[in-house]
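Open the model in your viewer and keep the sequence panel beside it. The stops below say what to select next and what is there.

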Amino acid sequence: MSRKRITSIIGFVTILVIAFLVLEKLKLPSDTLLWRQIQDTGHTPLFGFIALALLGLSQTLLRKLPPNSLWHYLLAFIATVALGAISEISQIYR
């Protein structure tokens, strides 16, 4: 495996870990409807970054598929939805 490929993988995984930690650990100052709406709206760009990082990771790891293959996008979508579901389920028990 080339050094550039390893660096790309480490970068994408780092982005995913940081995004997921921000999503799970960020606490807002109070529990009002306004702050809940702001937090829910903030999830949209965060999951967008997660989806892009997963897409890049898929394209880096699965080089046998063409770079713009629909499978990369499908894998990134499914993984992002799964992470979103895990995040929502984990919030039930807080």
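**Stop 1: L16 and its contacts**

Select L16 and show what surrounds it: leaving out residues up to four places away in sequence, L16 touches I50, A53, L54 and L57. Contact here means heavy atoms within 4.5 Å.

Before going further, note that this is a predicted model, in which local features need pLDDT of at least 70 and side-chain atom pairs count only at pLDDT 80 or more, while totals for chains, interfaces and linings use all residues. Residues are numbered from 1 along each chain as its sequence is written, and side-chain values use heavy atoms, with hydrogens and water left out.

L16 is found in helix α1. Helices are DSSP runs of H or I with at least four residues, and strands are runs of E with at least two, numbered from the N terminus. Is L16 buried or exposed? L16 is buried, because its relative accessible area is 14%. The cut-offs are under 20% relative accessible area for buried, over 50% for exposed, and partly exposed in between, with a 1.4 Å probe and protein chains only. Now measure from L16 to L46: the two are 30 residues apart in sequence and 9.8 Å apart in space, C-alpha to C-alpha.

**Stop 2: along α1**

Stay in helix α1 and select I9, which is found there. I9 counts as buried, because its relative accessibility is 16%. From I9 to T60 the C-alpha distance is 6.8 Å, with their places 51 residues apart in sequence.

G11 also lies in helix α1. With a relative accessible area of 29%, G11 is partly exposed. G11 and G56 are 45 residues apart in sequence and 9.7 Å apart from C-alpha to C-alpha.

**Stop 3: helix α2**

Select residues 33-61, which form helix α2. This helix has 29 residues and reaches 42 Å from its first C-alpha to its last, close to the 42 Å expected at 1.5 Å a residue. The expected span is 1.5 Å times one less than the number of residues.

Which residues of α2 are buried? They are H43, L46, F47, I50, A53, L54, L55, G56, L57, S58 and T60.

Pick I50 from that list. Leaving aside neighbours within four places in sequence, I50 is in contact with L16, A19, T80 and L83.

Then move to S58, whose place is in helix α2. S58 counts as buried, because its relative accessibility is 8%. Its contacts, again without neighbours within four places in sequence, are H72 and L75.

**Stop 4: the nonpolar core**

Select I9, L16, A19, L46, F47, I50, A53, L54, L55, L57 and A76 together: these 11 residues make up the largest nonpolar core. The elements giving two or more residues to this core are α1 (3-25) and α2. Helix α2 gives the most, with seven residues. A nonpolar core is a set of buried Ala, Val, Leu, Ile, Met, Phe, Trp, Tyr and Cys residues joined through side-chain atoms within 4.5 Å.

**Stop 5: helix α3**

Next, select residues 70-92, helix α3. Helix α3 has 23 residues and reaches 34 Å from its first C-alpha to its last, close to the 33 Å expected at 1.5 Å a residue. In α3, the residues H72, A76, T80, G84 and S87 are buried.

T80 is found in this helix, and T80 is buried, with a relative accessible area of 12%. Not counting residues up to four places away in sequence, T80 touches F47, I50, A51 and L54.

L70 is found in helix α3 too. L70 counts as exposed, because its relative accessibility is 67%. L70 and K4 are 66 residues apart in sequence and 24 Å apart in space, C-alpha to C-alpha.

**Stop 6: the nonpolar surface patch**

Show the surface and select L61, L62, L65, W71, L74, L75, F77, I78 and V81, which make a nonpolar surface patch of about 830 Å². Helix α3 gives the most to this patch, with six residues. Patches are made of residues with over 30% relative accessible area and no salt bridge (a side-chain nitrogen of Lys or Arg within 4 Å of a carboxyl oxygen of Asp or Glu). Like charges are joined within 9 Å and nonpolar side chains (Val, Leu, Ile, Met, Phe, Trp, Tyr) within 5 Å. Accessible areas come from the Shrake-Rupley method with a 1.4 Å probe, and for residues only the protein chains shown count as cover.

End at L74, whose place is in helix α3. L74 counts as partly exposed, because its relative accessibility is 38%.
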